[in-house]
Amino acid sequence: MQIIRYPDKKEWGSYLQRPHRDASELRDTVRGVLSDVRSRGDEAVKEYELKFDKVSLQSLQVSQTEMQEAEALVSEKLKAAIQLAHDNIERFHRAQQFHGEKIQTQPGVLCWQKSVAIERVGLYIPGGTAPLFSTVLMLATPAKIAGCKDIILCSPPNREGKLHPAILVSARIAGVDRIYKIGGVQAIGAMAYGTESVPKVSKIFGPGNQFVTAAKQEVSLHDVAIDMPAGPSEVAVMADDSANAEFVAADLLSQAEHGIDSQAVMFTDSEQLAETVSHEVERQLNLLPRKEIAAQSLQYSRIIVVNNLEEVIDITNEYAPEHLILAMRDYMKVAERVVNAGSVFLGNYSCESAGDYASGTNHTLPTSGYAKAYSGVNLDSFCRKITFQELTAEGIRNIGPAVELMAEAEHLDAHRQAMTVRLKAIEK
């Protein structure tokens with residue numbers, strides 16, 4: 001890994017840049033596919049499945065027979081691991097349930113909130129080189145807890161027209177209602193607009209390649225909500241001289257193997273640790289089955305050595321990583337000063353892999369610096385908050401004159417009149 005030593009603060013921005021992908025050239029392709037799916041429905045979806053996934057499908061929905069086949073193909077040990085992960089994710093997200101309180105803002109004025117589940121949500125689960133069945137758990141589990149009535153899942157099939165069996169088993173465990181063998185832009189279009197087979201959803205969740213990301217952004221402009229802006233996955237490690245170099249290198253590589261445009265960075269005030277970790281990364285890289293992917297990702301990755309702990313904290317908050325590992329002596333104190341991150345892993349034993357799979361926190365997180373403004377997926381992602389207010393005659397007397405004055409000052413006479421007629425009525 002490239003080591004950058006003691007950069008001036010004015011240069012930090014250039015060293016913190018993510019791998020840049022110009023999406024403008026694929027916009028026309030994405031819009032064309034979306035428009036076609038919108039107008040021709042299932043017929044268009046099947047044509048694009050043949051074109052992009054190289055499979056001719058008679059039916060888009062996964063059958064009960066296919067679900068049973070998947071159950072037989074997944075080992076009991078893996079099923080137990082998936083169940084353990086689901087139970088932890090469920091436990092953590094169930095604790096996030098909203099309990100609204102009725103507030104009397106003035107005598108006679110009562111206000112409160114109610115949390116209401118989004119009725120129908122769509123989940124996109126990538127297939128490809130790494131079928132992310134763990135993401136099924138991360139999205140469907142909180143959707144079920146929230147009370148979503150209809151949970152739709154789309155994932156690209158293989159050339160035999162099948163989904164990865166672990167995706168289907170995870171969907172069954174997490175409570176997905178309907179599963180479709182559709183990938184890419186056509187899946188996003190099907191869920192955004194609805195087809196003869198796929199119902200239109202209100203919000204789409206899940207990661208994907210640059211085409212899926214562009215499609216989600218496109219449909220979010222007019223047709224459907226999405227979870228968050230998304231880019232390539234990333235990790236940052238904050239480390240001091242107490243860090244275990246072998247652990248840190250393994251964490252950096254676990255991120256690098258996600259994809260060729262993933263990014264792994266380390267911030268430290270120890271030049272010796274930087275050298276040790278760099279050598280350890282090279283050693284472990286050669287042992288990986290996905291060595292070629294990780295090696296390409298490491299081109300975008302770097303170790304940055306700064307002057308002291310203060311600068312380690314500052315540069316990390318400026319980077320605003322999706323995943324942040326604190327491999328530090330006083331990690332709890334440092335954690336209090338972390339303000340920009342998607343999910344934080346504390347101490348030498350808290351590897352990102354734990355959160356990716358089974359600790360219970362959600363792994364669908366903001367990337368590309370969006371952690372400065374966005375949260376990761378949580379229970380609220382699947383809910384809306386509706387506010388209520390109830391006013392009595394006493395309440396009208398208490399706030400009515402203020403409402404009249406404010407409406408008049410904004411030159412909204414009908415607003416003022418709606419209050420005035422009530423004030424007059426209660427004075428009779």
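Cys351 is partly exposed in this predicted model, with a relative accessible area of 28%, whereas Cys154 counts as buried at 0% relative accessibility. The structure holds zero disulfides, and the points below take up the cysteines, then helix H10, and then Glu280 of helix H11.

**Cysteines**
- The cysteine sulfur closest to that of Cys154 belongs to Cys148 and lies 16 Å away, which is too far for a bond, since a disulfide requires the two sulfur atoms to be within 2.5 Å.
- Cys351 has a relative accessible area of 28%, and therefore falls between the buried limit of under 20% and the exposed limit of over 50%.

**Helix H10**
- Helix H10 runs over residues 245–256, and its 12 residues reach 16 Å from the first C-alpha to the last, close to the 16 Å expected at 1.5 Å a residue.
- At the N-terminal end of H10, Asn244 acts as the cap, placing a side-chain oxygen 3.0 Å from the backbone nitrogen of Glu246.
- The buried residues of H10 are Ala245, Val248, Ala249, Asp251, Leu252, Leu253, Gln255 and Ala256, and what covers them includes strands S9 (234–239), S10 (263–268) and S12 (323–327) together with helices H11 (271–285), H12 (291–297) and H15 (352–357).

**Glu280 in helix H11**
- Glu280, a residue of helix H11, is buried because its relative accessible area of 14% is under 20%.
- Leaving aside residues up to four places away in sequence, Glu280 touches Ala245, Glu246 and Ala249, and of these Ala245 and Ala249 are among the buried residues of H10.
- The side chains of Glu280 and Gln284 are joined by a polar contact of 2.9 Å.

How values were computed
Residues numbered from 1 in each chain as written. Predicted model: local features only at pLDDT ≥ 70, side-chain atom pairs only at ≥ 80, totals over all residues. Heavy atoms only, no water. Helix = DSSP H or I, 4+ residues; strand = E, 2+ residues; numbered from the N terminus. Expected span 1.5 Å × (residues − 1). Buried < 20%, exposed > 50% of the residue type's maximum accessible area, 1.4 Å probe, protein only. Contact = heavy atoms within 4.5 Å. Polar contact = N/O pair within 3.5 Å; in protein donor to acceptor, adjacent residues only side chain to side chain.
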